[in-house]
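Dear colleague,

Please find the structure below, handed over for your consideration. A short account of what was found in it follows.

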Amino acid sequence: MSKLVLNKVKAGDLELKDKVVAINRVVKTTKGGRAFSFSALVVVGNEAGVVGHGLGKAKEVQEAITKGIEDAKKNLIKVPVMHGTIPHEQLSKEGAAKVLIKPAAHGTGVIAGGSMRAVLEAAGITDVLAKSLGSANPHNVVKATFKALATLREPIAVSKSRNVSLKKVFNG
């Protein structure tokens, strides 16, 4: 799997909020009995355009969550958020999970499923229409949402690359 290195951000002095998306209990059967461990999928964000996700594994839930938060801080990206929504529609795929996110009018709210909602809210997106197509596996849905947000283009960058005004980008 190739990592997205489009718009990475350092955790530095950002005020990040974390949200646990999924906790999974893993059982390994050994000759001495069952060995339990936990994996935690965590999303962090500053609710102002910076978001990251991470996976932590440990013998105890709290330790797994802490490791997940540390991992998420290493995978932060900057997301273009305009007036509480995204600049354009985006479709992304990870494994069998497909994700479709669309910009929405102010006041719509975050219309999205569980693990997608966590990523979008952590990024600071307040108005968006989102649909998870295909697999509902939280790991792949979070990764697909993350990929979709990472590949969003800034309207200013689009207007410069096309040599047109910002108004023309929005009005078609």
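How much area does the chain expose, and what share of it do carbon and sulfur atoms supply? The chain exposes about 9800 Å², and carbon and sulfur atoms supply 53% of this area. Accessible areas come from the Shrake-Rupley method with a 1.4 Å probe, and for residues only the protein chains shown count as cover.

Before the details, a note on the basis of these values. This is a predicted model, in which local features need pLDDT of at least 70 and side-chain atom pairs count only at pLDDT 80 or more, while totals for chains, interfaces and linings use all residues. Residues are numbered from 1 along each chain as its sequence is written, and side-chain values use heavy atoms, with hydrogens and water left out.

The chain as a whole

The C-alpha trace of the chain spans about 70 × 35 × 30 Å along its principal axes. Five helices and eight strands are present in the chain; these are DSSP runs, numbered from the N terminus (helices: H or I, at least four residues; strands: E, at least two). From the N terminus on, the order of the elements is β-β-β-α-β-β-β-β-α-β-α-α-α. Of the 172 residues, 39% count as buried (under 20% relative accessible area, with a 1.4 Å probe and protein chains only). Among contacts in the chain with a separation of 6 or more, 58% are between residues 24 or more positions apart; contact means heavy atoms within 4.5 Å.

Strands β1 to β3

Strand β1 (residues 17-30) and strand β2 (residues 33-45) run antiparallel and are joined by 13 bridges; two strands pair if DSSP finds at least two bridges between them. A hairpin with two residues connects β1 to β2, and R25 stands opposite F38 in β2. Strand β2 is also joined to strand β3 (residues 50-58), by eight bridges and again in antiparallel fashion. Within this pairing, V42 has G54 in β3 as its bridge partner. The hairpin of β2 and β3 has four residues between the strands, and E47 there takes a positive phi near 55 degrees.

Residue S115

S115 lies in helix α2 (residues 114-123). This residue counts as buried because its relative accessible area is 13%. Apart from its neighbours within four places in sequence, S115 is in contact with V21, P138, V141 and V142.

Yours faithfully

Definitions and conventions:
Buried < 20%, exposed > 50% of the residue type's maximum accessible area, 1.4 Å probe, protein only.
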